[in-house]
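Welcome! Open your viewer, get your selection tool ready, and let's walk through this structure one stop at a time.

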Amino acid sequence: MTGYAITQIEVTNPEDYKQYLAKVTDIVTKFGGEYLVRGGDIKSDTTSWKPKRVVILEFPTLEDLNNFRDSEEYKPVAAIRLKASTSEGFVVEGI
């Protein structure tokens, strides 16, 4: 089953976050991931949820997604993201 990581992000340190952006894409691609949404203009809907930034990643399988998140390549890059932003997210299995 396809794995999706859906995350809302608030960037608190734009300069450090640029470092994260410069490094993360190649790692996502290496593990078979693809960005479906990466930032962009968020339009108001019927919800009270107001995220600052939304990222949706698609991986061929949940195993691929977990391998990405747990990889030695991603750990130091994730540390940059955690230092430069706050976030909440979840993983969902697709069809």
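Does Asp 16 count as buried or exposed, and at what relative accessibility? At 15% relative accessibility, Asp 16 counts as buried; here buried means under 20% relative accessible area, exposed over 50%, and partly exposed in between (1.4 Å probe, protein chains only).

Two notes before we move on. This is a predicted model, in which local features need pLDDT of at least 70 and side-chain atom pairs count only at pLDDT 80 or more, while totals for chains, interfaces and linings use all residues. Residues are numbered from 1 along each chain as its sequence is written, and side-chain values use heavy atoms, with hydrogens and water left out.

**Stop 1: from Asp 16 to Lys 83**

Keep Asp 16 selected and add Lys 83: their side chains meet in a salt bridge at 3.4 Å, N to O. The term stands for a side-chain nitrogen of Lys or Arg within 4 Å of a carboxyl oxygen of Asp or Glu. Lys 83 belongs to helix α3 and Asp 16 to helix α1, so the pair ties together parts that are 67 residues apart in sequence. Helices (H or I, at least four residues) and strands (E, at least two) are DSSP runs, numbered from the N terminus. Unlike buried Asp 16, Lys 83 is exposed, with a relative accessible area of 59%.

**Stop 2: along α1**

Now pick Glu 15 and Lys 18, whose side chains form another salt bridge (3.4 Å, N to O). Both sit in helix α1, three residues apart, about one turn of the helix. Both are exposed. In total, the structure holds five salt bridges.

**Stop 3: the two sides of α3**

Select residues 74–84, helix α3, and colour its buried residues: Tyr 74, Val 77, Ala 78, Ile 80, Arg 81 and Ala 84. They lie on the same side of α3 because they cover an arc of only 150° around the axis, taken from the directions from the helix axis to the C-beta atoms. Turn to the face away from that buried side and you find the exposed residues Leu 82 and Lys 83. What covers the buried residues includes β1 (3–11), α1 (14–30), α2 (62–70) and β4 (85–93).

**Stop 4: Ser 85**

Finish in strand β4 with Ser 85, which is buried at a relative accessible area of 6%. The Ser 85 side chain reaches the backbone oxygen of Arg 81 at 2.7 Å. Leaving aside neighbours within four places in sequence, Ser 85 is in contact (heavy atoms within 4.5 Å) with Ile 9, Glu 10, Val 11, Thr 12 and Tyr 17.

Methods: Polar contact = N/O pair within 3.5 Å; in protein donor to acceptor, adjacent residues only side chain to side chain.
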